[in-house]
Amino acid sequence: MKSKDIITYGYIIILTFLLMGANFLFGGGVQSKILMVTIRVSLMIVAIVSKKKYPEQQLLVIAFILSVISDLFLTILELVTPYRPIYDIIGILGFFGTYIVLNTVFIRNYRFKILDLIAALPFLAAYGIIIRTLIPFVSGPLRLVAIFLGAILCFTATNMVATVYRGFYRKRIAYLIALSGTMIFVCDMFVAFSMFHPEYQRFILWVENTTWIIYTSEWLILLVIIRAKKLHN
């Protein structure tokens, strides 16, 4: 790893620890929100300016941009404007766009195999339990949107794990993709609880910090993939 890579990734990691400290000291206040924005925008900017050799890396930048737009409506706008339900819907649609881009990038060499079902089972099982827990707290059009988005998330995580045995990406890259996909699933389940479950809509320190550790890690891994010199076999 080059020194500039160490500086880049170290900067993001330090910001994440500062965010955890701000959560502890200020209970998720404005200070924490500012650090959240700084982390997400920093990741996006690094993704945009990084040199890219492959079209897949160019597409991944779009995922970074869409995720920031999603965060804008889910967490950032509340700093400057009163909350509106439409923010949640737009934020969820931003997530949906992010999943579409990730699936476009990582579906290379797709051929349905029994291994796909095996890879999907843990995600489907977890999703089934979580959606059954959360669905009583979600009503109206948002319920259908949340169910559909969860199904897409399961497919996305499975698709990313499946790169390990499809053979299109180099093994090291495929394992990184699989790890990131699993983290995306876990993190978004935390986000779902924070959005819909009454007990988790309040600030809970361990939930916030765990979510952001996973969140930063999954996007750092994707940033490593964007900056990789060799992706394919």
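Trainee: Is glycine 97 buried or exposed?
Mentor: This is a predicted model. Glycine 97 sits in helix H4. Its relative accessibility is 17%, and the cut-off for buried is under 20%. Glycine 97 therefore counts as buried.

Trainee: How far apart in space are glycine 97 and alanine 126?
Mentor: In sequence, 29 residues separate glycine 97 from alanine 126. In space, taken C-alpha to C-alpha, the distance is 22 Å.

Trainee: How many salt bridges does the structure hold?
Mentor: One of them joins arginine 40 to aspartate 71. Another joins arginine 108 to glutamate 56. Arginine 166 and aspartate 116 also form one. The count for the structure is 3.

Trainee: Which parts do arginine 40 and aspartate 71 tie together, and how many residues apart are they in sequence?
Mentor: Their side chains meet at 2.8 Å, N to O. Arginine 40 lies in helix H2 and aspartate 71 in helix H3, so the pair ties together parts whose separation in sequence is 31 residues.

Trainee: Are arginine 40 and aspartate 71 buried or exposed?
Mentor: Arginine 40 is listed among the covered residues of H2, with Ile39 and Leu43 also in that list. Aspartate 71 shares the state of its partner. Both are buried.

Trainee: Where do arginine 108 and glutamate 56 lie?
Mentor: The two side chains form a salt bridge of 3.2 Å, N to O. The pair ties together parts that are 52 residues apart in sequence, because arginine 108 lies in the loop between helix H4 and helix H5, and glutamate 56 in helix H3.

Trainee: What is the relative accessible area of arginine 108?
Mentor: Its partner, glutamate 56, counts as buried at 4% relative accessibility. Arginine 108 is partly exposed. Its relative accessible area is 24%.

Trainee: How many residues apart in sequence are the parts tied by arginine 166 and aspartate 116?
Mentor: The closest N and O atoms of this salt bridge are 3.9 Å apart. Both residues are buried. Arginine 166 lies in helix H6 and aspartate 116 in helix H5, so the parts they tie together are separated in sequence by 50 residues.

Trainee: What span is expected for H2?
Mentor: H2 has 20 residues. From first C-alpha to last it reaches 28 Å. That is close to the span expected at 1.5 Å a residue, 28 Å.

Trainee: How far apart are the end C-alpha atoms of helix H8?
Mentor: Helix H8 is mostly covered, with 16 of its 22 residues buried. At 1.5 Å a residue, helix H8 should span 32 Å. The distance between its end C-alpha atoms agrees, at 31 Å.

Trainee: What is the area of the nonpolar surface patch that includes Phe112?
Mentor: Phenylalanine 112 is placed in the loop between H4 and H5. It counts as exposed, at 53% relative accessibility. Tyr110, Ile114, Leu115, Leu117 and Ile118 make the patch with Phe112. Its area is about 610 Å².

Trainee: Which residues form the positive surface patch?
Mentor: Take Arg172, one of its members. Arginine 172 is found in helix H7, and it is exposed with a relative accessible area of 55%. The full patch is Lys4, Lys51, Lys53, Arg170, Arg172, Lys229 and Lys230.

Notes:
Residues numbered from 1 in each chain as written. Predicted model: local features only at pLDDT ≥ 70, side-chain atom pairs only at ≥ 80, totals over all residues. Heavy atoms only, no water. Patch = residues over 30% accessible without salt bridge, like charges linked within 9 Å, V, L, I, M, F, W, Y side chains within 5 Å. Areas by Shrake-Rupley, 256 points an atom, 1.4 Å probe, with all protein chains shown as cover. Salt bridge = Lys/Arg side-chain N within 4 Å of Asp/Glu carboxyl O. Lys, Arg positive; Asp, Glu negative; His and termini not counted. Charge placed at Lys NZ, Arg CZ, Asp CG, Glu CD. Helix = DSSP H or I, 4+ residues; strand = E, 2+ residues; numbered from the N terminus. Buried < 20%, exposed > 50% of the residue type's maximum accessible area, 1.4 Å probe, protein only. Expected span 1.5 Å × (residues − 1).
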